[in-house]
Amino acid sequence: QVQLVESGGGLVQSGDSLRLSCAASGRTINTYTMAWFRQAPGKEREFVGVISWSGGINYADSVKGRFTISRDNAKNTLYLQMNSLKPEDTAIYYCAGSTKVSTNDASYAYWGQGTQVTVSS
C-alpha cells in the first residue's frame, strides 16, 4: 500500500505561483507512475499531469507551459509547480499513483486526500 499526502495549496491571486507536494509513505514510488488530477466544484475530476517511473511526462492542454510535474524519488515525493495561475485553475488537487502509465483516473489505485487551490481574479 502507498499512502499519499498532499500539501501546498492555498488562496492566491491570478498570475501567482504555487508548488504542491505529495509525500508518499508505505512504499517507494520510484517504480510507480505518479500523476496530478483536479476537481472543480460541480465538475468531474480531470487529469492535470503525469510522470512515469522512467521520467516520461505528459500534461493536459489547459496547463501546458504553466505547470511542471516532477518527482524526487530520494525524498519519495511528487511535486507540481504551478505558474501563471488563473481563476479556472481553482480546484481540489489530488496526487495519485499507479502501476500503469495513464491519464485516466480509473487506472490509479492510490490517492491522496487532496489540497485546495483557490485563484482569485
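The exercises below, each with a worked solution, concern a predicted model.

**Exercise 1. The four-stranded sheet**

Determine the strand order of the open sheet of four strands, and state which strands lie at its edges.

Solution. Begin with the order, which reads E1-E3-E8-E7, the pairing being antiparallel. The edge strands are then E1 (3–7) and E7 (67–72), since each of them pairs on one side only. From one strand to the next, the twist averages 15 degrees. Looking finally at the pairing of E1 with E3, one finds five bridges in the antiparallel sense, and within this pairing Glu6 has Cys22 of E3 as its bridge partner.

**Exercise 2. Ser21 and its surroundings**

Decide whether Ser21 is buried or exposed, and list what it touches.

Solution. The first step is to place the residue: Ser21 belongs to strand E3, which covers residues 18–25. The second step is to compare its relative accessible area of 17% with the cut-off: because buried means under 20%, Ser21 is buried. The third step is to set aside residues up to four places away in sequence, after which Ser21 touches Val5, Glu6, Ser7, Trp36, Thr77, Leu78 and Tyr79.

**Exercise 3. The partners and faces of E11**

Find which strands pair with E11 and in what sense, and then assign the residues of E11 to a covered and an uncovered face.

Solution. Take the parallel partner to begin with: strand E2 (residues 10–13) pairs with E11 over four bridges, and Val12 stands opposite Val119 in E11. Strand E9 (residues 91–98) runs antiparallel to E11 and is joined to it by three bridges, with Ala91 having Val117 as its bridge partner in E11. Turning to the faces of E11, which spans residues 115–120, the covered one holds Thr115, Val117 and Val119, whereas Gln116, Thr118 and Ser120 make up the uncovered one.

**Exercise 4. Lys100 in its loop**

Establish where Lys100 lies, whether it is buried or exposed, and which residues it contacts.

Solution. Lys100 is located in the loop between E9 and strand E10 (110–111). Its relative accessible area is 52%, and because exposed means over 50%, Lys100 is classed as exposed. Leaving aside neighbours within four places in sequence, Lys100 is in contact with Thr33, Ser107 and Tyr108. As for Gly114, which is 14 residues away along the chain, its C-alpha atom is separated from that of Lys100 by 21 Å.

**Exercise 5. Salt bridges**

Work through the salt bridges of Arg38, Arg45 and Lys64, giving for each the acidic partner and the N to O distance.

Solution. The count of salt bridges in the model comes to five. In one of them, the side chains of Arg38 and Glu46 meet at 2.6 Å, N to O; Arg38 is buried at 5% relative accessibility, while Glu46, at 35%, is partly exposed. Next, the side chains of Arg45 and Asp105 meet at 3.2 Å, N to O. This pair links distant parts of the chain, 60 residues apart, for Arg45 sits in the loop between strand E4 (33–39) and strand E5 (46–51), and Asp105 in the loop between E9 and E10. Arg45 counts as partly exposed at 32% relative accessibility, as does Asp105 at 23%. A further salt bridge brings together the side chains of Lys64 and Asp61, with an N to O distance of 3.2 Å; here Lys64 is partly exposed at 46% and Asp61 is exposed at 67%. To conclude, salt bridges that share partners join Arg38, Glu46, Arg66 and Asp89 into one network.

Notes:
Residues numbered from 1 in each chain as written. Predicted model: local features only at pLDDT ≥ 70, side-chain atom pairs only at ≥ 80, totals over all residues. Heavy atoms only, no water. Buried < 20%, exposed > 50% of the residue type's maximum accessible area, 1.4 Å probe, protein only. Helix = DSSP H or I, 4+ residues; strand = E, 2+ residues; numbered from the N terminus. Pairing = 2+ DSSP bridges. Contact = heavy atoms within 4.5 Å. Axes fitted to C-alpha atoms, helices over the stretch in contact; angles between N-to-C directions. Salt bridge = Lys/Arg side-chain N within 4 Å of Asp/Glu carboxyl O.
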